[in-house]
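Subject: Handing over a structure, with some notes

Hello,

I am passing this structure on to you, and I hope you enjoy looking through it. Below it you will find my notes on a sheet and on some charged pairs.

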Amino acid sequence: MDLKCSKCFSTMNEYKFFYNENNEDIGLIKTMEGNTIKEIAINEVYGKTGVEIMNMDCVIYCTNCDFVCAYPSKYLDNEFLTKCDNIINYYDNFLEDNIIHKFDISCKYCSNNLEKYHLETDIIEENEENFKTLSLPNDFLNDIHIYDLNNNLIKTFKPDNYMEYKKLHELTTEISKNILCCNNCKFFIMNNLQEFYEPE
């Protein structure tokens with residue numbers, strides 16, 4: 001496994017995460033064989049992670065900066081799962097790891113195969129200056145452009161739902177903009193495992 005940490009760009013490796021039975025404020029990073037390599041404060045873990053990590057879950061861990069996050073390894077029944085079979089619905093290392101293109105998934109709305117694409121859109125920041133001159137949400141919605149891996153435009157659409165569109169704000173690297181997309185409907189799964197869907 002050759003993964004780069006999105007916090008410090010060091011190499012990350014596979015481990016298991018355990019909650020300490022004797023101290024609920026401490027987590028344990030263990031090898032896959034069960035040897036403890038690091039005790040880490042739970043509040044430090046969740047200071048860098050967007051979602052809760054399950055006890056005894058398979059994770060990736062950076063020994064340089066102590067960033068730890070659950071890692072998706074399979075997709076079953078419309079759910080991403082870790083190697084330890086726990087559900088994961090958000091991947092914290094999405095800025096530097098093209099995880100989504102490692103999966104072969106069918107659209108849950110029309111059953112077409114999802115294609116490996118990337119997206120582009122112009123994000124308008126929600127700030128004081130823009131609030132004075134623009135109308136929220138209409139003026140903050142921009143077209144979403146979907147491209148194949150050779151940069152050929154596949155489709156463009158204007159989103160209707162600002163809350164769905166707002167999910168795109170955290171896609172700040174080229175890797176993070178990789179998606180699996182349905183050619184038949186407005187459905188795609190982002191590199192952070194979040195879904196975007198608008199009914200036709």
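Before the sheet, one term: two strands count as paired if DSSP finds at least two bridges between them. Please also keep in mind that this is a predicted model.

**The sheet**

Six strands make up an open sheet, and their order is β11-β10-β9-β12-β13-β14. The pairing is antiparallel. At the edges you will find β11 (153–157) and β14 (195–198), each of which pairs on one side only. From one strand to the next, the twist averages 30°. As general background, strands of a sheet pair through backbone hydrogen bonds, either parallel or antiparallel.

A good place to start looking is β12, which covers residues 178–181. Which strands does β12 pair with? One partner is β13 (residues 186–190), joined to β12 in the antiparallel sense over three bridges. Here Leu-180 sits opposite Ile-189 of β13. The connection from β12 to β13 is a hairpin of four residues. Another partner is β9 (residues 115–120), which pairs with β12 over four bridges, again in the antiparallel sense. In this pairing, Tyr-117 faces Ile-179 of β12.

Are the side chains of β12 buried or exposed? Asn-178 and Leu-180 point one way from the strand, while Ile-179 and Cys-181 point the other way, and all are buried.

**The salt bridges**

Now to the charged pairs. In general, side chains of opposite charge can pair when their charged atoms come close. Counting a side-chain nitrogen of Lys or Arg within 4 Å of a carboxyl oxygen of Asp or Glu, the model has nine salt bridges. Here are notes on some of them.

Glu-14 forms a salt bridge with Lys-83, and their closest N and O atoms are 2.9 Å apart. Glu-14 belongs to strand β2 (residues 11–19) and Lys-83 to the loop between β8 (79–82) and β9, so this pair ties together parts that are 69 residues apart in sequence. Glu-14 is partly exposed, at 24% relative accessibility. Lys-83 is partly exposed too, with a relative accessible area of 44%.

Asp-97 has a salt bridge to Lys-102, with 3.4 Å between the closest N and O atoms. How accessible are these two residues? Asp-97 is buried, at a relative accessible area of 5%, whereas Lys-102 counts as exposed, at 51% relative accessibility.

The pair of Lys-177 and Glu-120 brings us back to the sheet, with the closest N and O atoms 3.7 Å apart. Lys-177 lies in the loop between α3 (162–166) and β12, and Glu-120 in strand β9, so the pair links distant parts of the chain, 57 residues apart. Lys-177 is buried, with a relative accessible area of 15%, while Glu-120 counts as partly exposed at 22%. Salt bridges that share partners join Glu-120, Glu-174 and Lys-177 into one network.

Happy exploring, and best wishes.

Methods. Residues are numbered from 1 along each chain as its sequence is written. This is a predicted model: local features need pLDDT of at least 70, side-chain atom pairs count only at pLDDT 80 or more; totals for chains, interfaces and linings use all residues. Side-chain values use heavy atoms; hydrogens and water are left out. Helices (H or I, at least four residues) and strands (E, at least two) are DSSP runs, numbered from the N terminus. Axes are lines fitted to C-alpha atoms, for helices over the stretch in contact, and angles run from 0 to 180 degrees between N-to-C directions. Buried means under 20% relative accessible area, exposed over 50%, partly exposed in between (1.4 Å probe, protein chains only).
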